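Hi,

Here is the structure I promised to pass on. Have a look at it first, and then read my notes underneath.

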Amino acid sequence: MLKLGQADKTQEILMLLPMSIGFVLFVLYPIVWVIRWAWFNYDGYTTPVFIGMENFVRAFTRDPAFWGSLRNTLFIAVVKLLIEIPLAMLLATLLTSKIRGSTLFRVSYFLPSVLSIAVVGLIFSIMFSSYNGIINAMLRALGFIKKNINFLGRRDNAFFVIILVSLWTSFGLNMIYFIMGYQNIPKDLYECASIDGANVVQQFFHITVPLVAPVLQLVIMLSFLGTLRMTDLILVLTNGAPGGSTEVVMTYIFKYFFQYGEAQTRTQFGYASALAVITAIILAVVTLLYLRLSRRMKQIQE
Amino acid sequence: MNKAIKIPLRILLYLFLLIMLVFALFPVVYILLSSFKTNSEILVGGTNIIPTTWRLENYVEAWNLANFGTLTMNSVFYTFFVVIGCIITGTVAGYVFSRGKSVFTRIMYRMVLFSMFISIGTLALYPQLRVARVIGVSGTLWGPILIRVLGMNATQVFIATGNVDQIPRELDEAARIDGCGFFSTFVRIIFPLLKPLVATIGLLAFRIAWSDYLLPYVFTISKRATWTLVVGLVNLKSGGESASSWNLMFAGIGISILPMTLVYLILNKFFIAGLTEGAVKG
């Protein structure tokens, strides 16, 4: 009997071994690698030199572009949240009430979520093209504008397009989360409320909102972290143009690791690693803070 | 509420839903229709959505001349191995994490959980590439395949573990009594019960692999012959070669989004369930 148990354990470890090796090589090792080289001046060509805190000092004191990219990221994340959450909640409310063709709407709204972000970036850059894009053509035909708008070549316009596109890719997914949340609310609550004379708006704010609070928290966190990790869309849509003003954290650091696009920057693995460490810490702090906050909110509710 | 207010309100509601429907579908419909336009019609632009002359040859030319045949085959190759691989590693990991008792298993589970908090996303690509060079799989799609299949995607692991947890343990015990070991219990009893999980993991892996950009890009930058569809498409745009052949690029986009869209339209329930479940568990 004891021998059989031992055989089971061996089988168990052997089954998990390939993935464990993969995990160590492709998930753990990169983290260790980044933490190690963050202390070196290392560009891949010359011999690495240990420089202590220098990379971090540089990031904190002499690299406004990094903090600019962080500001851009936060700006996109906040504006996106402010539009996306009410929109997704509203759509979910409408589609769970008696609406004909509810499935058609659901399936259509979710479609953008399954497409490749890079290809989506490509499609939108074609649509918003400043000389033959359909958006410019339509705005002109409707008489809103006389001259074509340079959507992706100017900072403010580019941010508008970036936020619009990232909204496009995720509003359907977030709507589904809220629909799932609504389905867990007992129907008789609404009946009681309407007997008591509460109108639709009051019902929404006094029953729906408090009861989908957990879903709301989940959506806020996923959306926020998703934006912090945004890379492909920016690379394809603007690649930081004009002049690096639409760079986000991930694309900014990515370009110290790899040459991308026209920018002829020389790779700086050491400095890139230091920036990666800083970003990882920011991401972890946001996640932990968020988990804390939502736990406290839950306690207050109970 | 009286009917006089209710009817206009309902019309307004449907109008809003319809506007959002157009918002969601327009880019896809526009690009698919435009992929049948002539190059000059695309170059001129304008508000035309439906092609004035339908040019089906765009697809033939894109496939044969613009290399999209090779790109598509590479994408199919990449997607195939990622899907098959993820189904195997996903279900196995789910089973081991759900039923396993060894210290090793518990430590690995903790580490996968912990890796969610310190993920550096795309910033791990460079060290991953270094590892691939050492193993000898850089410059091929095998590197990205190994990363996607063996990297223990946290979302996948949690969905799988949650699913296996729901299978009653009495089944395992019965199998034990019949002489099955840990491994053969999985193969004979548990795996056959995991069809919904296989579908979910398969679809998630299909979506990730077919849409993947930066990972295959970084691994195959200098090896054009191994590029996937998405990598080739983005390069066509940024490479500045597009001006002379917009129609071919549009057809390429069509080739890239049509399979995904069709699979989604047929299996939308599983897709929606899989994607949302993934995030909730993860």
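Below is what I found, starting with confidence and ending with a couple of individual residues.

First, please keep in mind that this is a predicted model. The model scores are ipTM 0.92 and pTM 0.92. Chain A has an average pLDDT of 90, and 95% of its residues score at least 70. Chain B also averages a pLDDT of 90, again with 95% of the residues at 70 or above. Where does confidence drop within each chain? In chain A the lowest helix is α9 (residues 200-211), with a mean of 82, while helix α5 (residues 117-127) of chain A is the highest at 96. In chain B the low point is helix α15 (residues 268-281), with a mean of 75, and the high point is α4(B) at 97. If you want to look at the end of chain B, bear that mean of 75 for helix α15 of chain B in mind.

Now the chains one by one.

Chain A has 13 helices and 2 strands. Its radius of gyration is 24 Å, well over the 19 Å that the globule rule gives for 302 residues, so chain A is more spread out than a compact globule. Along the principal axes, the C-alpha trace of chain A spans about 80 × 75 × 35 Å. Of the 302 residues in chain A, 38% are buried. Taking the contacts in chain A with a separation of 6 or more, 67% are between residues 24 or more positions apart.

Chain B has 15 helices and 0 strands. Its radius of gyration is 24 Å, whereas a compact globule of 282 residues would have one near 19 Å. The C-alpha atoms of chain B fill a box of roughly 70 × 70 × 35 Å along the principal axes. Buried residues account for 44% of the 282 residues in chain B. For contacts in chain B with a separation of 6 or more, the share between residues 24 or more positions apart is 74%.

The domain assignment splits chain B into domain 1 (1-26) and domain 2 (69-281). The centres of these two domains of chain B, taken over C-alpha atoms, are 40 Å from each other.

Next, how the two chains meet. How many residues of each chain are in contact with the other? On chain B there are 69, and they contact 71 residues of chain A. The element of chain B that gives the most to this side is helix α1 (residues 3-34), with 10 residues. Sorted by class, the side of chain B that touches chain A holds 48 nonpolar, 19 polar and 2 charged residues.

That leads on to the nonpolar core. The largest one has 157 residues, and A:Val119 and A:Ile253 touch the most other members. Helix α4 (residues 68-99) of chain B supplies the largest share of this core, 12 residues. Both domain 1 (1-26) and domain 2 (69-281) of chain B contribute at least three residues each to this core. A:Val119 is worth clicking on: apart from its neighbours within four places in sequence, it is in contact with B:Val230, B:Leu233, B:Ile253, B:Ser256 and B:Ile257.

Finally, two residues to look at individually.

Is B:Pro144 buried or exposed? B:Pro144 counts as buried because it has 27 C-beta neighbours inside 10 Å, where 20 or more is the cut-off. B:Pro144 sits in helix α7 (residues 142-150) of chain B. Not counting residues up to four places away in sequence, B:Pro144 touches B:Tyr78, B:Asp212, B:Leu215, B:Pro216 and B:Phe219. B:Pro144 is also 8.7 Å from B:Val82, C-alpha to C-alpha, though they are 62 residues apart in sequence.

A:Ala65 is in helix α3 (residues 64-96) of chain A. With 13 other C-beta atoms within 10 Å, A:Ala65 is partly exposed, since a residue needs 12 or fewer to count as exposed and 20 or more to count as buried. Leaving aside neighbours within four places in sequence, A:Ala65 is in contact with A:Gly244 and A:Tyr252. A:Ala65 and A:Gly244 are 179 residues apart in sequence, yet their C-alpha atoms are 8.1 Å apart in space.

Cheers

Notes:
Residues numbered from 1 in each chain as written. Chains lettered and ligands numbered in written order. Predicted model: local features only at pLDDT ≥ 70, side-chain atom pairs only at ≥ 80, totals over all residues. Contact = placed C-beta atoms within 7 Å. Helix = DSSP H or I, 4+ residues; strand = E, 2+ residues; numbered from the N terminus. Nonpolar A, V, L, I, M, F, W, Y, C, P; charged D, E, K, R; others polar. Domains from an automatic or database assignment. Rg over C-alpha atoms; globule rule 2.2 N^0.38 Å. pLDDT = per-residue confidence, 0-100. Core = buried A, V, L, I, M, F, W, Y, C linked by C-beta atoms within 7 Å.
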